[in-house]
Structure formats: C-alpha cells, structure tokens
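Please follow the path taken below through this fold, which begins with two small sheets, turns to a pocket and a helix, and ends with the chain as a whole.

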Amino acid sequence: MSNKQTVAIIGAGASGCFCAVNLCKMSNNYDVTIFEAHSKPLAKVAITGGGRCNITNSFAQVNNFAEVYPRGEKLLKKLFYTFNQNDTLNWFESEGVEFVTQDDNCVFPKSQNAMQIVDTLLDNINKYHINLLLDHKLINIEKIDNKFLLSFNNNAKKEFDIVLVATGGANPEFLNIFENLGLNIVPTVPSLFTFTIKNQTFNDLMGVVIEDVSCSIASTKFKSNGPLLITHWGVSGPAILKLSSYSAKYLKENKYTSNLIINWLNINEDETRKIIQDLQHKNPKRQVLSIHPPKITSRLWQYFLLKCEIDNSKRWDEISKKSINKLVSTLVSDTYKIQGRGHYKEEFVTCGGISLSNINSNTLESKKIENLYFAGEVLDIDAITGGFNLQAAWTTGFVVAKSIVSKFS
C-alpha cells in the first residue's frame, strides 16, 4: 500500500496543472489527481492571446501592482518574491519553449502557438503519472477527521489528504460549497469586458483604432489609457478592458449604465487647444477636413467635424473661435453612454471569489480548514489584460506546490 499523500486538484487550468506538475517535480511523495468539470484541460490557456498565449508580461512599465491587479495586488506582490514573471519564463525555457517580448511588454511563445504551452504542461502531467479526470464537476466537499471526501456530478466519491481548488472564475453555486464550510465569499462580477454604445454614427466607425487615448467613468476616479478600438457595438481595446477591470464592481452596481469620457489625444485641454490652433495658423487656406492631428484618423476627424457642426468644406481660417472651443472640448472629453457589456471572446475574467481574509498569505492554505488550498482566479484576485492574469495563475500554483512540500517534508 502506498504511503504517498493523496492530493486532489480541482480544476485543470493554468494554476491547477502548474501546481500539479511542480508538486511532482519537487517530491515523489504525492499521488496527484486533477479533476476538470469540462471535457478539455487548459482550455482557457489554449485560446488566450488570440490562440498565441500571452503567457506573462515583462512588467517593465509596471510601477504599482495595483495598476495591473485591481484586486489582490498586495498578496501577489508578496508571492512574487517566491515566483515571478522571470521564474515563469525560466521554467518554460527549461522545457524547451522560446519566447518573444512585444513592444507592449506582453510575452508570447516564439512559436506564436498557445498549444506549445498546453502540450508542455500535458507532457509533464503524463511524465509524472498525474491522474487527469475530465468531466468531473465537484459538487461537495466534506472534512471527515483528517480526510476530505469529494463528491462529483457523476456520483463518484473520492477521499484525499490534501485539496487545492483552482477552478478559475467560479459561479455563486460552486462558491456555496466553500461558504458552507465557513469561508467568506466575495460576490463575483465580470471583469475585462467591452462597452456597448448605441450610437449608429459612432458605431459606423467600426475598425478605427486610436493608439493612445485616456478614458474614464464620469463622476468616479476610474481611469485608464492605451489603445482604443471602435466596434460595431461600441468600444473595445486595452484602454477599455483595463477600465472595465478597474470599475467592474461599480459598473455592476450601476447595471452597466454610466457615462464614458474619452480623451482622444490623452493630453490636457491646453495642450489640445495649442495643437488645434497650430493647425489653424499654419494651414489657413487648407480645408479643415484635410488637416488634422496625426493621432486622429481621417474617418474619426470627419466624425468630429460633423459632431461639432463644422462644415468640412470650409478653410481653417473660416473656423470660428466658438467652433474651435467645441472641437477642443470634444477631443478632451467626448462623452458616450455605456448601455451594457459587450462580449470579449478571447478572455473572460471575474473579480470576487474566495476572500483573501480566509487565506494564509504565505502558503495560500485556508486559515480555517487545514490542508485546503486555493490558487488562481477562484481567489479574489484578478488583473487587467496583458498576461497578468496568467502570471497570477503560475505564481499561485507554484506557491501552493512549494507550500505543500515544505509542510510535509
């Protein structure tokens, strides 16, 4: 009979699979089984980054963890001393994966194929004889003496010494399992989503990208910047996804109806006015339609002229001061009503989950239930787009593996 500790990992996503592999790399004293509710392991990893897998970020432009981790920043900053983005790249490079870092600091496999990351993890799962059981949805956990009795949707019941929950963004029904065990739950709400704007003239600009805007939610402190994409349903792009992450709970409370303010040049009013006045002074006899700020596309400029009721056939020297003021105001604080969430198909992230107050911040073990651990998005941690969510998964998965080995060695 084996004397190995039995470990159940609930969820075959990034954090669960990474924990399982590292646990077996570190020690051969564990018999590990991964349970996945769906029919495919690592399904989200396979589609992240448009199927290229934005595995992490270089963090070169991150000055404050709260900028990229709206929830859980203090915990992750602490855990990064154990396993950070460089450790992630070193780990996968030791498995033969090469990487490239883009200008925006997002890191991808050189192959540009997410399946290289998926296959690397699955190969290790096979190498270490880790059990992987698909179509096993957890429906209950009981702690009986020093053992966990797990019940699944297919009537299977299995007993384990140690349990890691790594299910990603969990629904309220699943989280009830842990609330019944006495853990505190932070209600989950969607994060990383696009905004619906029902303005046909604006929506007709679909496909227009402005590389550096700033945007905010009116009457709040929520603000972000970066590229913005106009879509047939509203707005998307990194600036919007970041803003949705920062304001996720606020927008949920307001039923996803708030005013979005866009600063199209991402500069202040005085700087914007100077740009417009310079265009006017240097091009007095040119048509206003033909001369515009370099960052603004021709289609978008034509839209602004129409919105400001400026005849685009007029010359710059024919534009009144009042029209200039209106144009400057539009460029600095263009306002649109958000009328619901759009659907960003490549990523879906939730904020909320298992409250961090339940968790030992050094080990990610439950403070209330010994040998019960949590990793990844099931915790109340989440990030903006750019590889930060996956890095949180790698970090928390590794920390749990190390914590278990340290505890039982």
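In this predicted model, strands S3, S5 and S4 make up, in that order, an open sheet of three strands whose pairing is antiparallel. S3 and S4 are its edge strands, each of them pairing on one side only. The contact between S3, which covers residues 56–57, and S5 rests on two bridges in the antiparallel sense, and here Asn57 stands opposite Cys106 in S5. S4, made of residues 99–101, is joined to S5 by three bridges, again antiparallel, and Thr101 faces Val107 of S5 across this pairing. S4 and S5 also form a hairpin with four residues between the strands, and in this hairpin Asn105 adopts a positive phi near 75 degrees.

A further open sheet of three strands follows the order S7-S8-S9 and is likewise antiparallel in its pairing. Its edges are held by S7 (138–144) and S9 (157–160), and because each of these has a single partner strand, one side of each is left without a neighbour in the sheet. On average, and with direction ignored, neighbouring strands of this sheet are turned by 20 degrees against each other. Between S8, which comprises residues 147–152, and S9 there are four bridges, with the two strands running antiparallel; Leu149 is found opposite Glu159 in S9. As a general point about such elements, the side chains of a regular strand alternate between the two faces of the sheet.

Strand S5 leads on to the second largest pocket, since S5 (106–109) is one of the elements that each supply at least two residues of its lining, together with helix H3 (65–68), strand S13 (209–217), strand S14 (223–230) and helix H9 (238–246). Which element gives the largest share of the lining of this pocket? That share comes from S14, with seven residues. The space in the second largest pocket amounts to about 960 Å³. It is lined by 38 residues, of which Asp104, Cys106, Pro238, Thr385 and Gly386 are the closest to its centre. Cys106 thus appears both in this central group and as the residue of S5 that stands opposite Asn57. By residue class, the lining of the second largest pocket divides into 14 nonpolar, 15 polar and nine charged residues.

Helix H14 occupies residues 388–408, and its length can be checked against expectation: at 1.5 Å a residue its 21 residues should span 30 Å, and the end C-alpha atoms lie 31 Å apart, which agrees. Is this helix mostly covered or mostly exposed? H14 is mostly covered, as 17 of its 21 residues are buried, that is, with under 20% relative accessible area.

The protein as a whole, of 409 residues, has 53% of them counted as buried. Its secondary structure comprises 14 helices and 19 strands, and along the principal axes its C-alpha trace spans about 90 × 45 × 35 Å.

How values were computed
Residues numbered from 1 in each chain as written. Predicted model: local features only at pLDDT ≥ 70, side-chain atom pairs only at ≥ 80, totals over all residues. Heavy atoms only, no water. 1 Å grid on protein atoms, 1.4 Å probe; cavity = no way out; pocket = protein on both sides within 12 Å on 5 of 7 lines; lining within 4 Å. Points joined across faces, edges and corners; volume = space filled by probe spheres on them. Nonpolar A, V, L, I, M, F, W, Y, C, P; charged D, E, K, R; others polar. Pairing = 2+ DSSP bridges. Axes fitted to C-alpha atoms, helices over the stretch in contact; angles between N-to-C directions. Expected span 1.5 Å × (residues − 1). Buried < 20%, exposed > 50% of the residue type's maximum accessible area, 1.4 Å probe, protein only.
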